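Grab a pencil and work through these exercises with the structure open beside you. Try each task before you read its solution.

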Amino acid sequence: MSDIALLPEVQAFLRRSHALFIDGGYVQSHSGQALEVINPATGEVIAQVADADLADIDTAVESSRRGFRQWAQVAPAIRGNVLLKLADLLEQHREALAQIETCQSGKIIQISRAFEVDQAAHFLRYYAGWATKISGQTLTPSLPSFAGERYTAFTLREPVGVVVGIVPWNFSTMIAIWKLASALVTGCSIIIKPSEFTPLTILRIAELAIDAGLPAGVLNVLTGGGHVGKGLVEHPGTDKVSFTGSVPTGIAVGRSAMGAGLTRATLELGGKNSAGFLRDVDLDKAVNGIIEAGFLHSGQICAAAERFFAHRSQIEPIMDKLAQRLGRLNIGSPLDERTEFGPVTNRQHQQKLEWFFAKARAENNTIVHGGKLIDGPGCYVEPTVILANTIHDTLLNEETFGPIATFFPYDTEDELLELMNNTPYGLSASLWTNDLSKALRMVPAINAGTVWVNMHTMLDPAVPFGGNKSSGVGREFGGAFIDDYTELKSVMIRY
């Protein structure tokens with residue numbers, strides 16, 4: 001096995017001392033402090049980025065307010081064209097961006113290419129199409145005329161202002177693009193706060209955005225620890241926060257936003273997503289579905305399935321086939337194109353997964369496959385299959401955000417629905433069956449923001465995405481994002 005060679009431009013980019021991206025260029029942090037970026041496949045430090053402080057936050061917000069005033073006046077078609085040009089630039093620099101992403105996150109190179117870059121460009125083009133289609137309504141009021149006067153009314157959609165986009169470490173490019181595209185196409189400016197574990201790709205994309213014609217200050221990037229996101233959310237000069245991340249952090253962000261003058265908040269959080277396999281499903285198709293639902297990018301996907309419910313008569317054959325498949329996975333360097341399963345993104349998360357393995361053993365769960373860390377310098381974890389004893393076991397209730405598929409049997413379809421809904425979360429779920437009529441009857445009974453049938457995890461920019469219950473507030477994609485990035489203004493006229 002051998003790694004692909006890093007492009008010279010990638011090597012040069014990683015060697016930089018990365019400053020903050022403010023007002024169209026790089027600015028040194030007032031703090032003078034830096035954070036190390038570590039390759040999770042090797043444990044090596046690959047770059048350093050600035051750790052912003054409160055003074056840097058003030059500077060970025062002032063820049064974003066200036067950028068907003070300019071960008072909000074730009075014609076919608078021009079805004080859309082900038083996004084189209086940025087999509088072209090992402091594709092032109094596809095391999096370099098994918099390599100940077102793989103080096104910082106441990107994502108296997110094929111996923112970095114196909115999802116982080118290709119899908120990001122696809123989403124940009126979709127959002128660009130909305131630029132000329134954001135509109136209000138013309139209304140006829142019902143007010144009576146007292147002296148021959150008449151009335152008419154209309155509504156306007158106006159950008160909310162300065163957006164704070166807080167991006168997680170699992171898909172640092174694609175999720176950043178979702179947020180900046182939503183903001184830019186509606187006329188907002190945005191400050192991206194990437195995860196301290198994966199801050200590099202968005203810095204390069206910010207450079208490309210300027211090349212695409214985005215005015216200075218419309219997109220700023222502040223790197224640093226959690227205090228940076230908190231400072232941005234609570235800053236009086238920001239108008240909206242779009243957060244993607246864990247449920248506990250999302251709740252804290254929502255509270256901070258509400259306490260900072262009712263700042264708008266869109267929260268796309270995690271959960272404990274279910275996949276239910278009806279009795280008619282083919283076993284091989286079920287195993288393929290489980291790998292798609294739970295093991296892509298080592299399970300580090302907010303919508304990934306973690307709870308798997310199979311009919312009691314099929315659960316052991318499914319788990320056995322799954323264990324055999326996982327045992328044949330090519331686990332290795334994410335820069336090797338033959339690798340099928342790479343590391344998790346950081347040491348802290350690897351240690352958290354080790355705690356879950358210990359918890360499963362303490363609760364006498366059956367570990368069918370895996371259940372251990374993989375020795376070595378990287379953050380590798382065995383793909384794991386677990387059979388729970390009761391519905392109350394930890395691994396059926398707490399989000400692991402890793403390559404752990406926890407199974408539990410059911411006997412009736414009514415019981416299956418009850419099990420799938422037995423969680424405070426509601427981000428996603430999936431049903432697997434050959435009986436489409438039965439699936440369509442069951443879908444309304446599942447309490448989740450997205451329900452897939454015979455698929456899982458796949459997202460499309462035209463289909464709204466977001467969570468129910470504790471899994472979030474608001475929706476991304478489709479036309480649903482427009483409500484969260486614009487204010488509705490009503491105008492009435494007497495004549």
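**Exercise 1. The largest pocket**

How much space lies in the largest pocket? Then work out which residues and elements line it.

*Solution.* Keep in mind that you're looking at a predicted model.

Step 1: start with the volume. The largest pocket holds about 1,000 Å³ of space.

Step 2: look at the wall. There are 40 lining residues, and those nearest the centre are W169, F243, G245, S246 and T249. Two or more lining residues come from each of α8 (226–234), β11 (240–245), α9 (247–259) and α12 (347–362).

Step 3: find the top contributor. That's α9, which gives six residues to the lining of the largest pocket.

Step 4: sort the lining by class. You should get 18 nonpolar, 15 polar and seven charged residues.

**Exercise 2. The second largest pocket**

Which residues lie closest to the centre of the second largest pocket, and how does its lining divide by class?

*Solution.* Step 1: this pocket's volume is about 250 Å³.

Step 2: 17 residues line the second largest pocket, with I291, F295, L296, H297 and E340 closest to its centre.

Step 3: the lining of the second largest pocket splits into nine nonpolar, four polar and four charged residues.

**Exercise 3. Closed-off spaces**

How many cavities of 30 Å³ or more are there, and what lines them?

*Solution.* First, the idea behind the search: rolling a probe the size of a water molecule over the atoms shows where empty space is left.

Step 1: count. You get two cavities of 30 Å³ or more.

Step 2: take the largest cavity, at about 80 Å³. Its lining has 14 residues, and M420, T423, Y425, S428 and N447 sit nearest the centre. At least two lining residues come from each of β13 (273–277), α13 (413–421), β18 (425–426) and β19 (428–432). By class, the lining of the largest cavity has six nonpolar, seven polar and one charged.

Step 3: move on to the second largest cavity, with about 30 Å³ of space. Its lining is V82, L83, L86, L184, A209, A212 and L214. Helix α3 (residues 76–92) gives the most here, with three residues.

Step 4: check the classes again. The second largest cavity is lined by seven nonpolar residues, with no polar and no charged ones.

**Exercise 4. Cysteines**

How many disulfides does the model have? Also decide whether C302 and C379 are buried or exposed.

*Solution.* Step 1: recall that a disulfide is a covalent bond between the sulfur atoms of two cysteines. The count here is zero disulfides.

Step 2: test C379. The nearest cysteine sulfur belongs to C103 and is 14 Å away, and C379 is in no disulfide.

Step 3: check accessibility, with buried meaning under 20% relative accessible area. C379 has 5%, so C379 is buried. C302 has 12% relative accessibility, so C302 counts as buried too.

**Exercise 5. A sheet of three strands**

In what order do the three strands of the open sheet run, and why do β6 and β23 each have one side without a neighbour in the sheet?

*Solution.* Step 1: strands of a sheet pair through backbone hydrogen bonds, either parallel or antiparallel. In this open sheet the order is β6-β7-β23, and the pairing is antiparallel.

Step 2: look at the edges. β6 (138–139) and β23 (486–494) each have a single partner strand, so one side of each has no neighbour in the sheet.

Step 3: zoom in on one pair. Strand β7 (residues 151–159) and β23 are joined by nine bridges in the antiparallel sense. For example, T155 has S490 in β23 as its bridge partner.

Notes
Residues numbered from 1 in each chain as written. Predicted model: local features only at pLDDT ≥ 70, side-chain atom pairs only at ≥ 80, totals over all residues. Heavy atoms only, no water. 1 Å grid on protein atoms, 1.4 Å probe; cavity = no way out; pocket = protein on both sides within 12 Å on 5 of 7 lines; lining within 4 Å. Points joined across faces, edges and corners; volume = space filled by probe spheres on them. Helix = DSSP H or I, 4+ residues; strand = E, 2+ residues; numbered from the N terminus. Nonpolar A, V, L, I, M, F, W, Y, C, P; charged D, E, K, R; others polar. Disulfide = S-S within 2.5 Å. Buried < 20%, exposed > 50% of the residue type's maximum accessible area, 1.4 Å probe, protein only. Pairing = 2+ DSSP bridges.
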